[in-house]
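Grab a coffee and work through a few exercises on the fold shown here. Try each task on the structure before you read its solution.

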Amino acid sequence: MKHPNFLKAILFTEDLCEVGGSVLQSGCYTVQDYSYCCKRNRDELGNSYGPIRSGYLEFTIRVDVERGCKRFYQRMAEQDNAPFSFIFNASFLPNGRLKGYDDGMVTYGYIVDIEEFCSDVGEGLTSQMLLRIKVLLSNIVYVGHDTPRNLYITHD
């Protein structure tokens with residue numbers, strides 16, 4: 001299997017494991033970058049112990065001004081954690097449904113911060129903006145060709 005030099009990532013704001021092939025390309029966002037870190041304590045011999053601790057997942061997506069960022073601000077106001085599916089090297093059928101992907105990552109968490117970056121909007125121009133979103137993680141599911149791998153950070 002030939003692997004590309006760069007991953008192309010898209011964000012789907014539902015749980016990929018639950019909806020599977022129902023993902024529509026029109027419901028996805030282009031991911032510019034993302035980062036997160038998970039840690040465990042280690043003893044003097046280097047053996048890990050204790051619970052998995054995580055900081056934040058931070059990612060930047062491209063949205064058009066018309067589509068906006070309403071969904072993300074709604075999620076920030078909610079009290080429940082929400083899914084964010086990162087799908088890598090996705091391909092779509094002509095009807096816009098997900099055909100396949102190399103692998104993915106479904107995260108659950110709470111949006112704690114949103115930053116907007118917007119260029120000047122002019123008449124007749126397609127205007128896009130970048131959203132930088134910060135999520136406090138509660139768990140991560142890695143989705144590959146094998147069975148999904150769960151990483152529980154908290155159990156809420």
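Below are five exercises, each with a worked solution.

Some ground rules for this predicted model: local features need pLDDT of at least 70 and side-chain atom pairs count only at pLDDT 80 or more, while totals for chains, interfaces and linings use all residues. Residues are numbered from 1 along each chain as its sequence is written, and side-chain values use heavy atoms, with hydrogens and water left out.

**Exercise 1. Lay out the secondary structure of the chain.**

Step 1: Count the elements, taking helices (H or I, at least four residues) and strands (E, at least two) as DSSP runs numbered from the N terminus. You should get 2 helices and 11 strands.

Step 2: Read them off from the N terminus: β-α-β-β-β-β-α-β-β-β-β-β-β.

Step 3: Look at the contacts (heavy atoms within 4.5 Å). Among those between residues at least 6 apart in sequence, 63% join residues at least 24 apart.

**Exercise 2. Work out how strand 2 pairs with strand 1 and with strand 5.**

Step 1: Two strands pair if DSSP finds at least two bridges between them. Strand 1 (residues 9–12) and strand 2 (residues 28–35) share 3 bridges in the antiparallel sense. Across this pairing, Ile10 stands opposite Thr30.

Step 2: Now turn to strand 5 (residues 56–64), which pairs with strand 2 over 5 bridges, also antiparallel. Here Val31 has Ile61 as its bridge partner.

**Exercise 3. Which residues have the most contacts inside the largest nonpolar core?**

Step 1: Pick out the buried residues, meaning under 20% relative accessible area (exposed is over 50%, partly exposed in between; 1.4 Å probe, protein chains only). They make up 34% of the 156 residues.

Step 2: Build the cores, each a set of buried Ala, Val, Leu, Ile, Met, Phe, Trp, Tyr and Cys residues joined through side-chain atoms within 4.5 Å. The largest has 23 residues, and Ile61 and Phe72 have the most contacts inside it.

Step 3: See where the residues come from. Strands 1, 2, 5, 6 (82–88), 9 (103–118) and 10 (128–143) each give two or more, and strand 10 has the largest share, with 6 residues.

Step 4: Check Phe72. Beyond its neighbours within four places in sequence, Phe72 touches residues including Leu11, Tyr29, Ile61, Phe84 and Leu131.

Step 5: Don't miss the second, separate core of 11 residues, which includes Leu16, Leu98, Val106 and Val143.

**Exercise 4. Trace the aromatic pairs around Phe59.**

Step 1: Rings of Phe, Tyr and Trp (its six-membered ring) pair if their centres lie within 6.5 Å; planes under 30 degrees apart are stacked, over 60 edge-to-face, the rest tilted. The structure holds 6 such pairs.

Step 2: Phe59 and Phe84 make a tilted pair, 5.9 Å centre to centre with 55° between the planes.

Step 3: Phe59 and Phe86 are edge-to-face, at 5.3 Å and 85°. Phe59 is in strand 5 and Phe86 in strand 6, so this pair ties together parts that are 27 residues apart in sequence.

Step 4: Follow the ring pairs outward and you get a cluster of Tyr34, Tyr36, Phe59, Phe84, Phe86 and Phe88.

**Exercise 5. How many disulfides does the structure hold?**

Step 1: Search for pairs of cysteine sulfur atoms within 2.5 Å. The tally is 0 disulfides.

Step 2: Check two cysteines for burial. Cys28 counts as buried at 10% relative accessibility, and Cys69 is buried at 10% too.
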